[in-house]
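I opened this notebook to record what I looked up in one protein model. The entries follow the order in which I consulted the structure.

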Amino acid sequence: MFIIGNKRIKPIFICFLLLLYNFVSFASPRTDSLVTELKTAIKEAQLYDNKKLKTISQIKSLLNESSKSDLNAKYDSYLKLYEEYKLYNYDSALSYAKMLRKLAEYRNDPSLLADAKIKLVFIMLSGGLFKETFDSLNLIVIKDVSANVKADYYSLTARCYYHLAEFNNDSFHSPFYNTKANSYIDSSLNLYPQSFFEYSFFLALKYLKKGNADSALFNLNKLIVRKNLSYHQIALVTSMIGGILMEQGINANAKDYLIQASIADIKSSTKETLALLNLATIIFKEANITDAALYIEKANADATFYNARLRKVQIGAILPLIKGEMINTIKTQKQKLITYLMVLTFLVLVLTGFGLIIRNQVKNLKMARLGLLEASLKQQQINQELVEANELKKKYNIQLQELNRQLSEANKIKEEYIGYYFNMDNEFLTKIEKLINSIDKKLAERKWEEIKLILKSIDFRKDKEELLSSFDKVFITLFPNFVTQFNTLFKDEDKIILKKDQLLNTELRIFALIRLGITENEKIAEILDYSINTIYSKKTKIRSKTIISKDEFERKLLEITTLNF
């Protein structure tokens, strides 16, 4: 059996409670959108404060315009100002609570006097003055006062003892204080109408303090679906739900509720709040230092503005940890930045070396072309002199044609790949120049986070893939039928089948490089970023499947061409 209040609930009803709780939990908005809304609210916090200050200014204007002899109007104005200040600024709220008490004493109204003292005690408790709170609480006389005032007195007394139990947090005093608090809560619940927000909220608080979190969540979830809650009431409910889920270790759901509570606190200009502190604690544990620092700084600013002593102590326990982690993060990022710059410098030097190598290769190709041209002229002269040797001439001409074909093919390859690599070199150097200029600028502006984002955007693996993809495109442009002709050397079941939009795969690239004249395993491994053993293994595996001999296979590979000269 399950007990709520004095009633026993059947197991089937327990299922209903759990379903309702899960429904509300799963119905909470996505965390990302809530985080965005919270950050927007933090940025616009001053707008909400200005709205409150405008309301306060209007009330003060009406107070100045009212007659000094009209005590009722004066009391009403003081009461409105107290309500505006009680969660916004401790000193101002305390001042108006004292004015309310003074007017109540003058009017000799027991209910008004008790209510004014209750409000004064509430402010002392919010400010963290435990001794002064209990001293003033003991002076309140609730004889001959209204039921509402008595209910407020009992609920406030209960909160005082709950706070004291939480502050002591020991096994001797805390249970005694919690027992007293529960007794006062019961007294207040007997006086609050069940339709009141206070009834369900303090009932949930009672269950929570007794260790019955499920019943507490049930009553809080009944409250949260109401349509007429103020921002402060929404903050109270969602903050308590978030606190319960946080204690249960369900940080993902707790975070959503604490964010909602923090948003509601900001929009109601509530400075005496716990939601942002708890949220910063969760975010810090998730290693999201940037957001944790934003939330804890806002919580600290609010606690300082309100002059909430207890909150400042609680914030002071975690604020140095977050600040210290931020400093460590900045140091780490700075070290990474230096490392990245060193790597970039090395890459620039490597590219410069490649440029020099390519230039020398171009020079060598030009010299080879001139040598072949001279050989061709000499051969033509020899052919004219050896008219009688027709068969030898024909054979030599065939060889010469093959050499010319190979030379034209080599020139075509040279023109395509040299143009391609100069273009890639120019693009890469431009990209490096832009990156260095951007980092230089961010370093000068000390924008570490933006530098981190720039460096994270560098994707060497993607650049390597793009380089290989470009190689594929240029090679297929030169040898458009390479894959088809290569597959003729294998049985149908051993032919290489490419994926959609794939021009070459790793095995085909190996033999494409061999077709271009790069036969050393070390060079192929360096170009394709594989180990030498991997290249050797893949070459051996492919050759083992061919339908012709090894020597014939290599000859057929070199004969693959569909170029138009």
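The entries below begin with the whole chain and then turn to helix pairs and single residues.

**Entry 1. Whole chain**

I note at the outset that the model is predicted. I looked up the secondary structure and found 24 helices and two strands in the protein. Of the 565 residues, 39% are buried. I then turned to the contacts between residues at least 6 apart in sequence, and 64% of these join residues at least 24 apart.

**Entry 2. Helix α7 and its partner α8**

Which residues of helix α7 are buried? I looked through residues 130-137 and listed Phe130, Thr133, Phe134, Ser136 and Leu137. These residues lie on the same side of α7, because they cover an arc of only 165 degrees around the axis. The general rule I had in mind is that an α-helix has 3.6 residues a turn, so residues three or four places apart point the same way.

I next examined how α7 packs against helix α8, which spans residues 147-168. Their axes are 11 Å apart, and the packing angle is about 150 degrees. An angle over 145 degrees counts as roughly antiparallel, and α7 and α8 are therefore roughly antiparallel to each other. The crossing in which α7 passes α8 is left-handed.

For the contact itself, I recorded Phe130, Thr133, Phe134 and Leu137 on the α7 side. On the α8 side they meet Tyr153, Thr157, Cys160, Tyr161, His163, Leu164 and Phe167. By class, I noted eight nonpolar and three polar residues in this contact, and no charged ones. Phe130, Thr133, Phe134 and Leu137 also appear in my list of buried residues of α7.

**Entry 3. Helices α2 and α15**

I looked up the packing of helix α2 (residues 31-43) with helix α15 (residues 289-306). The angle is about 45 degrees, and the axes are 11 Å apart. I therefore entered α2 and α15 as oblique to each other. Their crossing is left-handed.

Which residues of α2 and α15 meet? From α2 I noted Val35, Leu38, Lys39 and Ile42, and from α15 Asp291, Leu294 and Tyr295. The residues of this contact divide into five nonpolar, two charged and no polar.

**Entry 4. Asn505 and the helix pair α21 and α22**

I located Asn505 in the loop between α20 (482-487) and α21 (506-515). Is Asn505 buried or exposed? Its relative accessible area is 14%; the cut-off for buried is under 20%, so Asn505 is buried. Leaving out residues up to four places away in sequence, I found that Asn505 touches Ile496 and Leu498.

I then followed the chain to α21 and helix α22 (residues 521-528), whose axes come within 11 Å and cross at roughly 130 degrees. That angle makes α21 oblique to α22. The crossing is right-handed. In α21, Thr506, Arg509, Ile510, Leu513 and Ile514 meet Ile524, Ile527 and Leu528 in α22. I counted the residues of this contact by class as six nonpolar, one polar and one charged.

**Entry 5. Glu554**

My last query concerned Glu554, which I found in helix α24 (residues 550-559). I entered Glu554 as partly exposed, because its relative accessibility is 30%. Where does Glu554 stand with respect to Arg515? The two residues are 39 residues apart along the chain, and their C-alpha atoms are separated by 9.0 Å.

Notes. Residues numbered from 1 in each chain as written. Predicted model: local features only at pLDDT ≥ 70, side-chain atom pairs only at ≥ 80, totals over all residues. Heavy atoms only, no water. Buried < 20%, exposed > 50% of the residue type's maximum accessible area, 1.4 Å probe, protein only. Helix = DSSP H or I, 4+ residues; strand = E, 2+ residues; numbered from the N terminus. Arc of directions from axis to C-beta. Axes fitted to C-alpha atoms, helices over the stretch in contact; angles between N-to-C directions. Parallel < 35°, antiparallel > 145°, perpendicular 65-115°, else oblique. Left-handed = near helix turned anticlockwise from the far one by under 90°. Contact = heavy atoms within 4.5 Å. Nonpolar A, V, L, I, M, F, W, Y, C, P; charged D, E, K, R; others polar.
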